[in-house]
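Reader: I'd like a close look at one part of this model, please. Could you walk me through the charged pairs and whatever backbone they hang on?

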Amino acid sequence: LANVFDQSVDCVKLIGLDHKLQWMNANGLCAMEIPDFTCVRDSPWQALWPDGVRERVQASYAPAAAGEVVRFRAFCPTYAGTPRWWDVTVSAVKNAAGEHSGYLAISRDVTESEQSREALDIAARELRHRLKNTHMMISSLITGFARGNAEKAAFARDMSDRLVALSRAQTLFADGDAPGRLDDLIDALVAPFDNDRCTMTVVDMPDVAIDQGRADAIALVIGELAVNSSKHGAIRHGGNVRLTGTQISDGFSIRWAEDSLSPVEHHSRDGGQGLTL
């Protein structure tokens, strides 16, 4: 069995009930840059991890002993100090009598994918920053052109308010102080499109907490509907849009009902990014 594990590209470890390392495969020693297993034999596994991660490692034992396969991703430098990210699974090991005798921990080096994700996050933050600057520049230009004309100045203030609201909606869950509730999200998404010719009404939206994954999905769909309406529907031609929220047994539903004063062309169901979303 040890020879089989030695063929694995992952770092495979056997850990005793005392949470100390009993065995590690050859590729694991290589990945962790450990010159010889005797350097870490009988050491607590969590001792190899940075201070901020040791509690997560320690917390994995109890659910694993209960039969769960625990999985987490965390940063841990190698024995030689090289920065690494690992995708880790921890499960229980039983002896021939079926008794719990230790743990099997398998760590996969995911440093490259983690670095790629971090690079994308940095690029996304930069794009959001540039987008905010673009909104501010457009707002300043509108205000400048309207200076000295009371009627145009009122219009400029209104447009500036909409640009600020649009910018906030587009970066809603990118900021640390972003709201995490459905009603806050919907209000922020539709506020930039509310105008005298088309009222945007939100009714009975559930006051429930949502995570960033659900928030991103909702923002994409609502944003696509609003942009389409701005091009072809009520927001452009006049009318009204009504968003109604309903609490259901396994979550909630959101209904977008739109009445446009101008006929709307119906596109085929096999095309368009909006329909795909």
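Author: Here is a walk through the salt bridges, then the sheet, then two backbone oddities.

Bear in mind that this is a predicted model. With a nitrogen of Lys or Arg within 4 Å of a carboxyl oxygen of Asp or Glu as the rule, the count comes to 7 salt bridges. I'll take three of the pairs in turn.

Start with arginine 108 and aspartate 10, whose closest N and O atoms are 2.8 Å apart. Arginine 108 sits in strand 5 (residues 100–109), while aspartate 10 belongs to the loop between helix 1 (2–6) and strand 1 (11–16), so this salt bridge ties together parts that are 98 residues apart in sequence. How buried or exposed is each partner? Arginine 108 is partly exposed, at a relative accessible area of 45%. Aspartate 10 has a relative accessible area of 10%, so it counts as buried, the limit being under 20%.

Next come arginine 73 and glutamate 114, with a salt bridge at 3.1 Å, N to O. This pair also links distant parts of the chain: arginine 73 is in strand 3 (residues 70–75) and glutamate 114 is in helix 5 (residues 111–146), 41 residues apart. Arginine 73 is partly exposed at 35% relative accessibility, whereas glutamate 114 is buried at 6%. There is a third member here too, as Arg73, Glu114 and Arg117 are linked in a network of salt bridges.

The last pair I'd pull up is arginine 181 with aspartate 207, where the closest N and O atoms are 2.5 Å apart. Here a loop meets a loop: arginine 181 is between helix 6 (150–170) and helix 7 (182–190), and aspartate 207 is between strand 6 (198–203) and helix 8 (212–232), with 26 residues from one partner to the other. Arginine 181 is partly exposed at 32% relative accessibility, and aspartate 207 is partly exposed with a relative accessible area of 49%.

Now for the backbone behind some of those charges. What is the strand order in the open sheet? Its 5 strands run 2-1-5-4-3, and the pairing is antiparallel. Strand 2 and strand 3 are the edge strands, each pairing on one side only. On average, neighbouring strands of this sheet are turned by 25° against each other, direction ignored. As for what holds such an arrangement together, strands of a sheet pair through backbone hydrogen bonds, either parallel or antiparallel.

Zoom in on strand 1 and strand 5: they pair in the antiparallel sense over 6 bridges. If you want a spot to centre the view on, leucine 14 stands opposite leucine 104 in strand 5. Strand 5 is also where arginine 108 lies.

Finally, the phi angles, which are worth a look on your Ramachandran plot. Most residues other than glycine have a negative phi. Histidine 19 has a positive phi of about 70° although it is not a glycine. Its place is the loop between strand 1 and strand 2 (21–24), and histidine 19 is buried, with a relative accessible area of 15%. Glutamate 33, not a glycine either, has a positive phi of about 55°. You'll find glutamate 33 in the loop between helix 2 (26–31) and helix 3 (51–59), where glutamate 33 counts as partly exposed at 32% relative accessibility.

How values were computed:
Residues numbered from 1 in each chain as written. Predicted model: local features only at pLDDT ≥ 70, side-chain atom pairs only at ≥ 80, totals over all residues. Heavy atoms only, no water. Salt bridge = Lys/Arg side-chain N within 4 Å of Asp/Glu carboxyl O. Helix = DSSP H or I, 4+ residues; strand = E, 2+ residues; numbered from the N terminus. Buried < 20%, exposed > 50% of the residue type's maximum accessible area, 1.4 Å probe, protein only. Pairing = 2+ DSSP bridges. Axes fitted to C-alpha atoms, helices over the stretch in contact; angles between N-to-C directions.
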